[in-house]
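Here is a short briefing to read with the model open in front of you. Take it one topic at a time, and find each residue as you go.

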Amino acid sequence: MTAPTLVERFWAVGAEAGWTGIEDAVVAAERLVGKPIRVREEQFLADEPVCGFVATLEHQHLVMISPTPSPTFRAFVIGHELGHVLHGHQESAPQAAAIRSLIPDLPEYKVERALARGLFENEYERQAELFADRLAQLLRGHRERPSAFRGVFG
């Protein structure tokens, strides 16, 4: 029998813990990858063709997301980025090249890969989107009431 992957371990922890918010999932992911995952809203992303991305730095994963009034959309974007981290997509050099081609004037720190919503011919994006869908379902499944319409659409 093979050892469970980070993704499999993440789902097992989530099912057992009964997470109700994205913050719980971020903390669990930090523990599994062994370094902090910092989430920041960045205004410069509001005008870019991406909703978020991850920069994998030496001592942390930095998740940057576009500002949004919707907590549900915010959680989904963060979930997508967690999917990239837990799947290990940052290990792929072509991902860094792809984001540089989308946003050539991005600040000069090392961007390992980015969320390019709509580019689903990319297997990494498909995996991260499915991960975010499953995480959203897990979070909803542990809430006492469904998300409000206003929370989804701002």
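H2 passes H3 in a crossing that is left-handed. In this predicted model, the axes of these two helices come within 10 Å and cross at roughly 15°. That angle is under 35 degrees, so H2 counts as roughly parallel to H3.

**Where H2 meets H3**

- On the H2 side, the residues that take part are Ile22, Glu23, Ala25, Val26, Ala29, Leu32 and Val33.
- On the H3 side, their partners are Arg74, Ala75, Ile78, Gly79, Leu82, Val85 and Leu86.
- Sorted by class, this contact has 11 nonpolar, one polar and two charged residues.

**The whole chain**

- The protein chain has six helices and four strands.
- Following the sequence from start to end, you meet these elements in the pattern α-α-β-β-β-α-α-β-α-α.
- The chain has 154 residues, and 42% of them count as buried.
- Look at the contacts between residues with a separation of 6 or more: 66% of them are accounted for by residues 24 or more positions apart.

**H1 and its two partners**

- H1 also packs against H2, at an angle of about 140° and with the axes 10 Å apart.
- Why is H1 called oblique to H2? An angle of about 140° is not over 145 and falls outside the other named ranges, so H1 is oblique to H2.
- The crossing of H1 past H2 is right-handed.
- In this contact, Leu6, Arg9, Phe10 and Val13 of H1 meet Ala25, Ala28, Ala29, Leu32 and Val33 of H2.
- The classes here are eight nonpolar, no polar and one charged residues.
- With H5, the axis of H1 comes within 11 Å, and the two cross at roughly 15°.
- H1 and H5 are therefore roughly parallel to each other, as angles under 35 degrees are counted that way.
- H1 passes H5 in a right-handed crossing too.
- From H1, the residues Val7, Phe10, Trp11, Gly14 and Ala15 meet Phe131, Arg134, Leu135 and Leu138 from H5.
- The contact of H1 with H5 divides into seven nonpolar, one polar and one charged residues.

**The nonpolar cores**

- As a rule of thumb, nonpolar side chains in soluble globular proteins tend to be buried together.
- In this model, the largest nonpolar core holds 25 residues.
- Which members touch the most other members? They are Phe10, Trp19, Ile22, Leu82, Phe131 and Leu135.
- The elements giving two or more residues to this core are helix H1 (6–17), helix H2 (22–33), strand E3 (61–65), helix H3 (71–87) and helix H5 (123–141).
- Leu82 is a good residue to click on: leaving aside residues up to four places away in sequence, Leu82 touches Ile22, Ala25, Val26, Ala29, Ile37, Phe131 and Leu135.
- Another core, of six residues, lies apart from the largest one, and its members include Val50, Ala55, Leu62 and Met64.

**Glu81, a residue in H3**

- Glu81 lies in helix H3.
- Is Glu81 buried or exposed? With a relative accessible area of 0%, below the 20% cut-off, Glu81 is buried.
- Glu81 and Phe131 are 50 residues apart along the chain, and their C-alpha atoms are separated by 9.1 Å.

**Two residues in the loop between E1 and E2**

- Glu42 sits in the loop between strand E1 (37–41) and strand E2 (52–56).
- Its relative accessible area is 16%, which is under 20%, so Glu42 is buried.
- Beyond residues up to four places away in sequence, Glu42 touches Met64, Ile65, Ser66 and Pro67.
- Phe44 is found in the loop between E1 and E2 as well.
- Phe44 has a relative accessible area of 28%, and since that lies between 20% and 50%, Phe44 is partly exposed.
- The C-alpha atoms of Phe44 and Ile65 are 9.5 Å apart, while along the chain these residues are 21 residues apart.

Methods:
Residues numbered from 1 in each chain as written. Predicted model: local features only at pLDDT ≥ 70, side-chain atom pairs only at ≥ 80, totals over all residues. Heavy atoms only, no water. Core = buried A, V, L, I, M, F, W, Y, C linked by side-chain atoms within 4.5 Å. Buried < 20%, exposed > 50% of the residue type's maximum accessible area, 1.4 Å probe, protein only. Contact = heavy atoms within 4.5 Å. Axes fitted to C-alpha atoms, helices over the stretch in contact; angles between N-to-C directions. Parallel < 35°, antiparallel > 145°, perpendicular 65-115°, else oblique. Left-handed = near helix turned anticlockwise from the far one by under 90°. Nonpolar A, V, L, I, M, F, W, Y, C, P; charged D, E, K, R; others polar.
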